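Reader: I would like to work through a structure feature by feature. Please give the general idea each time, and then the case at hand.

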Amino acid sequence: MSICLNKWGGFILLGFSDQPQLEIILFVVVLISYLLTLVGNTTIILVSCLDSKLHTPMYIFLTNLSFLDLALTTSIVPQLLWNLRGPAKTITSTGCVLQLYVSLSLGSTECVLLTIMAFDRYVAVCRPLNYTTVMHPSFCKTLAGIAWLSGVGNTLIQSTITLRLPRCGHRHLHHFLCEVPAMIKLACVDIHANQVQLFVATLVLLLLPMALISVSYGFIAHAVIKIKSSQAWRKALGTCGSHLLVVSLYFGTSSVIYIQPQRSFGHSQGMFLTLFYTVVTPTLNPLIYTLRNKDVKGALRRLLRREQHF
């Protein structure tokens with residue numbers, strides 16, 4: 001690792017530096033979003049752990065998702081806020097390497113976890129009688145562990161290969177964070193092999209999860225169409241609606257960055273898309289799951305009543 005650090009040196013994150021007025025607005029927006037992310041996701045984790053009625057497969061995965069969102073934003077936002085508030089746009093080589101490894105690992109893990117959550121919703125709607133048997137707590141924890149291992153494995157491969165590229169003194173990143181697509185562009189050698197490797201990783205960790213989620217919801221839609229009870233319709237929509245909305249927000253923006261050719265949009269457009277799925281989406285996730293979820297709202301009320309009693 002020391003060889004990689006010495007070879008790559010420090011970096012200058014240009015970000016939105018060519019739009020100083022926008023930086024002020026973004027500082028306020030990102031700061032508020034980050035605070036909401038901390039409060040919202042921490043609340044979901046605490047409620048899911050403290051309320052025994054939420055010790056179910058869905059909330060095991062939701063707790064992992066909230067922790068992922070907390071960690072992902074924390075690996076990006078403090079440095080982003082520091083760069084937005086003043087003229088200094090630098091990040092140390094150690095900070096850049098840590099951000100690259102951590103953010104890519106967490107983002108990859110979230111792709112797999114959202115796919116697992118879609119499978120959980122499929123079993124809940126299409127195989128309700130077998131749900132408790134199939135989605136046993138130990139099996140759910142194993143699935144969550146697989147998601148984390150997938151993310152770690154992906155970042156160990158992609159980040160390490162990216163950091164080994166010679167850059168010939170190039171240190172200006174046209175981005176607000178150290179991300180694989182942006183860092184590959186700094187290399188002063190042929191990067192075709194790296195682009196192929198990135199495309200393969202995108203197929204496995206982005207397109208494949210999107211396809212599996214689509215198949216899961218295809219089966220769910222087919223099962224729901226057969227339901228004649230309006231109450232059952234509402235229950236199915238409540239069960240899947242929150243997850244489907246989170247999936248649409250996360251995959252909708254991240255897929256544009258990693259699937260479309262980089263030349264199809266400018267630096268600013270790409271950064272705004274990245275900002276959305278790394279900062280805005282983690283802020284919206286707890287709001288989506290609390291506002292649309294009676295179980296979470298009920299658990300919050302029970303905890304508040306318990307606090308008032310004490």
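Author: What follows goes through helices, burial, contacts and cavities in turn. The model is predicted.

Reader: Start with helix length. What span should helix 4 have, and what is the distance between its end C-alpha atoms?

Author: The check compares an expected rise with the distance in the model. For helix 4, 34 residues at 1.5 Å a residue should span 50 Å, and the end C-alpha atoms are 49 Å apart, so the two agree.

Reader: How does helix 8 fare in that check?

Author: Helix 8, residues 192-225, has 34 residues and an expected span of 50 Å. Its end C-alpha atoms are 47 Å apart, which agrees. The end-to-end check is to be read together with the bend: helix 8 bends by about 40° at Leu203.

Reader: What general rule helps in reading the faces of a helix?

Author: An α-helix has 3.6 residues a turn, so residues three or four places apart point the same way.

Reader: Is helix 4 mostly covered or mostly open?

Author: Helix 4 is mostly covered, with 28 of its 34 residues buried. One residue of helix 4 is Val97. Val97 has a relative accessible area of 8% and is therefore buried, the cut-off being under 20%. Its C-alpha atom is 9.3 Å from that of Thr160, although the two residues are 63 apart in sequence.

Reader: How should Val28 be classed, as buried, partly exposed or exposed?

Author: Val28 is in helix 2, residues 20-50. Its relative accessible area is 44%, so Val28 is partly exposed, because that class runs from 20% to 50%. Val28 and Arg85 are 57 residues apart in sequence, with C-alpha atoms 9.7 Å apart.

Reader: Where does Asp190 lie, and is Asp190 buried or exposed?

Author: Asp190 is in the loop between helix 7 (180-184) and helix 8. At 65% relative accessible area, Asp190 is exposed, since the cut-off for that class is over 50%. The side chain of Asp190 reaches the backbone nitrogen of His192 at 3.3 Å. Sequence separation can also be set against distance here: Asp190 and Leu38 are 152 residues apart along the chain, and their C-alpha atoms are separated by 41 Å.

Reader: Take a polar residue in a helix. What surrounds His243?

Author: For a buried polar side chain, one looks for polar partners and then for the remaining neighbours. His243 is in helix 9, residues 230-259, and is buried, with a relative accessible area of 2%. Its side chain makes a polar contact of 2.7 Å with the side chain of Tyr217. Leaving aside neighbours within four places in sequence, His243 is in contact with Leu114, Met117, Ala118, Tyr217 and Tyr289.

Reader: Which side chain is joined to Asn154 by a polar contact?

Author: The partner of Asn154 is Ser108, with a polar contact of 2.7 Å between the side chains. Asn154 is in helix 6 and counts as buried at 9% relative accessibility. Not counting residues up to four places away in sequence, Asn154 touches Leu104, Ser108, Ser159, Ala201 and Leu205. By contrast with those contacts, Val189 is 35 residues from Asn154 in sequence, and their C-alpha atoms are 23 Å apart.

Reader: Which residues are in contact with Asn83?

Author: With neighbours within four places in sequence set aside, Asn83 is in contact with Leu13, Glu23, Ala88, Lys89 and Thr90. Asn83 is found in helix 3 and is buried, at 5% relative accessibility.

Reader: Now the internal space. How many cavities of 30 Å³ or more are there?

Author: A search of the whole structure finds 3 of them. The largest cavity holds about 310 Å³ of space. Its lining has 24 residues, and those nearest its centre are Leu104, Gly107, Ser108, Tyr258 and Tyr277. The elements giving two or more residues to this lining are helix 3 (57-85), helix 4 (93-126), helix 6 (137-163), helix 8, helix 9 and helix 10 (267-291).

Reader: Which helix gives the most to that lining?

Author: Helix 4 does, with 6 residues. Two names already met return here: Leu104 and Ser108, which lie nearest the centre of the largest cavity along with others, are also among the residues touched by Asn154.

Key. Residues numbered from 1 in each chain as written. Predicted model: local features only at pLDDT ≥ 70, side-chain atom pairs only at ≥ 80, totals over all residues. Heavy atoms only, no water. Helix = DSSP H or I, 4+ residues; strand = E, 2+ residues; numbered from the N terminus. Expected span 1.5 Å × (residues − 1). Bend = angle between axes of the 7 residues up to and from the residue. Buried < 20%, exposed > 50% of the residue type's maximum accessible area, 1.4 Å probe, protein only. Polar contact = N/O pair within 3.5 Å; in protein donor to acceptor, adjacent residues only side chain to side chain. Contact = heavy atoms within 4.5 Å. 1 Å grid on protein atoms, 1.4 Å probe; cavity = no way out; pocket = protein on both sides within 12 Å on 5 of 7 lines; lining within 4 Å. Points joined across faces, edges and corners; volume = space filled by probe spheres on them.
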